[in-house]
Amino acid sequence: MKLRKQVTVCGGAIFCVAVFSLYLMLDRVQHDPARRQSGGNFPRSQISVLQNRIEQLEQLLEENHQIISHIKDSVMELTDTGAVSPSGHLPFRSANGSWVLPFDGRPTFLAIKPQDCQFAGARRDHTDVQMLDVYSLLKFDNPDGGVWKQGFDITYEPDEWDNEPLQVFVIPHSHNDPGWIKTFDKYFADQTQHILNNMVVKLAEDSRRKFIWSEISFFSKWWESADAQKQEATRKLILGGQLEIVTGGWVMTDEANVHYFAMIDQLIEGHQWLERNIGITPRSGWAVDPFGHSATMPYLLKKANLTSMLIQRVHYTIKKHFASTRSLEFMWRQAWDTGANTDMFCHMMPFYSYDVPHTCGPDPKICCQFDFKRLPGGRINCPWKVPPKSIVEANVAERAQLLLDQYRKKSKLYRSKVLLVPLGDDFRYDKALEWDQQYNNYQKLFDYMNSHPEMHVQAQFGTLSDYFSAVYKASAVPEGARPTDFPVLSGDFFAYADREDHYWTGYFTSRPFYKSLDRVLESHLRGAEILYSLAVSNARHSGMEGRYPVSDYALLVDARRSVGLFQHHDAITGTAKENVVIDYGTKRATQDSLPQRTLIELDPAGPRYVVLFNPVEQERLCAVTVLVNTVRVRVLTEDGQTVPVQLSAQWSSASQMSAEVFEVRLGGTMPLFVFVIYTGCRAVRQFVLPFSAQSSIENPFQLMGCFKVKVQVQFMIYGTRPSKDKSGAYLFLPDGKAKVFSRIGFCSFTVFSLSSLVLCLGVDGLSMEITTTVDIRDQTNKELAMRLDTDIQSGDIFYTDLNGFQIQPRRRHPKLPLQANFYPMPSQAYIQDSLYRLTLHTAQSLGVTSLENGQLEVILDRRLMQDDNRGLGQGLKDNKKTVNRFRLLLEHRGLGNKMMDTGVTSFPSILSHMTNSILNHEVLVLPVLPKRRGVPSLQTFAPFKSSLPCDMHLVNLRSIQNQQDAQTPSQHTAFIIHRLGLDCELEAQNMAFNCTTTQGQLNISGLFKNLDIHLLQPMSLTLMHSGTPLANDSSISLEPMEISAFKLKLR
């Protein structure tokens, strides 16, 4: 009764204050002397404004009344049932027999400092080139450009280089895919090891010869089999500048489907290997084969202390536009950067491919004549029917002039008189003969050019950094700085098309089973890294280091490398041959079926134990499911308290329940990074949304808080066009608009869609979970999509993430074909209008678009029977039954937010960040193997003192390798932290944990329980460059969106 009175009094007080405020406002307006000077009459515009404000106030009062009514009803329900929790905050049974989660008396609050909200709306300097504007500007009409089919005719004046000779750097390279047509091991055995063996011999024959290498996965495997003499010769070549390691990642990563955790991890693995075995640090990035380029990559390379980078696969119309404006070299800046701190110098190759016919100049017919592997008598020739000629004294003048003409034409597309000319292709230089053919013939051409001053050219072999250094020197700026008058660009380079309307947007979804499996393994790897680092540090602190099995570190190294290998641009993309995909799967985990929960078999002989691990930085209130073999289950906490559970049926199919397996739902609060010994938690209820025969949800459902939006889910099908060119692993070439897939029903095995509404406080309970089980193995040339139709007025703008790191605004262009409007969605996409934002969070990378106002559409799976003529040689016919997991989040937008819709940046809310985190980092359920004797010595492990600020994400806590033995850890740990960018204008909801921000300040020494910090040292992202150590009790400071790495010594 007392509580009921308090609620009534509180509501009445709010109402009185609101009415009194209205009275004062009217009274002030009536008696304002300034207004009386104008005759005492209000202008019509001011009357209108006043009326609008009165209407807004009435609306707010009505909403306030409704909220108070809801509170009052809730209080009445609790007081009427007389429910009292018998034991603290454990769930309990109310008078009506249902389970109740009692109110937690600890206050929860959202305390985001105003300064932490200013970043989203901060003023950003205008960049010279913004990719959103470029797409709006261009016609994408593809006229015939002559010898350069996708470009234009290039002309020059012969005397243009009289005062400043052209500098030419020919860069020999061999692009080695760690799996594509052959498996990683097969490629190594057949080709890669021979390339590297020949490299050591052939580069040593002439100090003028140069070569670059990228993939450390291959290089490390070769190094392990090389003898000491060969290793020393390789070090000498690198230190002497003849051989350069470019980028230095474990692989040349894909940039569309990968998550930034994995991008960083594979880069660290490669760089740490280089540091330990050779002692070098890469300077330049080389990415000639990823199918489109993300703005995340230059940021990560910049943070790793690289100064320059090169990219190749960009839409041919974009290349032509950049060539015509001489903007192929630019400073690539993050769209969210408020200064120039993220600028990375980038070189874009101008022509169709990175092979020799498309790299010396605009005419492939001529350039092919200078690929000396194609000399008559070899296994490959020139498609243009004009073969190369060996360079001899009789033809060197004519050949040199012909080649120089191409060099000059290509140089006209750039702003400096320094020219880069790659010389290589896939798996080139595997035969000693090719080394001689290429190097000897080119050296004769160089010698002739350099000995004739009237040609005004200096040509030589070079490495990638040789070229960039020459550009900086010619521009008189330090390495990595912006040369005078070079443009600044922001944005990304998706979607990629190499010719006609052939858009490489199919691979955003190809083989979704493996994309999903990859994300699960990444989360498990991160959890294992954090736990291992903390366990070893605690063992050292307790003086038990010798008893801890540090040999387990070798398992972590294997896991890092297996996950890293799959980030390769023909692996996670789903564009390798079937046997290669199987090889990737077996290297990482069992991959014949969907991931399965472990069945806990209970018997009267003794109890079973389950350990739960929360891998996120915040306390979470959640529901966890475990499988048992009996309905007779009793669950206890670590201290012996009985806790309620919900026992549910396990569905063996869409219509069949299992009689041998049952689901036990546990619910409760879990602190961050905590091992909890369990048997316990709260009941939940689950709802399945009914489907109609038209394969959409029968009635549009409503997402509601204090607001509602209608959402209709449909499953659609795309076919492939009937012409010669059809969809395949890379390309999406549909036969028109999608059609409703009428074969889908609730009981169909084709698509089984389950939407779970878990009655749970906190982040888990503020969004709707959608799970689709897709099996299209009985389909032919079909692509299945899930479409969300809403009444949100989003227009032609939608938003997708890049690598889970940042948000990129997108604009739908009717001038482009349907397939051109699809983009990668590694973690989320959203649409919004002036009132609402609807975000689809995903646990796996898929292709997404918004083809109509208020619509989001995701491609779930693709089954295609033919190759798309991009080298793979087969279609996508190895589909698996695949589970796709999503969360649908609706948020109300504040007034200040609406002014930013036309900007080039956008940020998730704090709730959206947390929703994505819990979706991609589920609580890990770890059943403990039964012991023959006794009870296992288990206890809760809580290594952190408190939660991190809620705009901080711990990317990794990674044990650093021992410099003497890579299979054991050193005493140092890499602490990699990301400060999130926030949109604070989305209305906050109760997330059931204390959320605070600290203006980017973090006291690391105050994070860990029972551990002391003996070293706190700023590092580059991949730990190869160190800063000055800080005092052990120092606070670190991060700007919004910043990722930073620190070396810690914990004891």
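**Exercise 1.** Decide whether C367 is buried or exposed, and find its bonding partner.

*Solution.* C367 has 0% relative accessibility, so C367 counts as buried. The cut-offs are under 20% relative accessible area for buried, over 50% for exposed, and partly exposed in between (1.4 Å probe, protein chains only). Next, C367 forms a disulfide with C360, the sulfur atoms being 2.0 Å apart; a disulfide is a pair of cysteine sulfur atoms within 2.5 Å. C360 is buried too, at 2%. The torsion about this S-S bond of C360 and C367 is -90°, and the link is left-handed.

The model is predicted: local features need pLDDT of at least 70, side-chain atom pairs count only at pLDDT 80 or more, and totals for chains, interfaces and linings use all residues. Residues are numbered from 1 along each chain as its sequence is written, and side-chain values use heavy atoms, without hydrogens and water.

**Exercise 2.** Find which residue C117 is bonded to and describe the link.

*Solution.* C117 pairs with C984, sulfur to sulfur 2.1 Å. The torsion about their S-S bond is about -85°, so this disulfide is left-handed. C117 is partly exposed at 24%, and C984 is partly exposed at 26%.

**Exercise 3.** Which side chains make polar contacts with the side chain of Q806?

*Solution.* A polar contact is a pair of N or O atoms within 3.5 Å; within protein, one must be able to donate a hydrogen and the other to accept it, and residues adjacent in sequence count only if both atoms are side-chain atoms. The side chain of Q806 meets that of T296 at 3.2 Å and that of W336 at 3.0 Å. Q806 is buried, at 7% relative accessibility.
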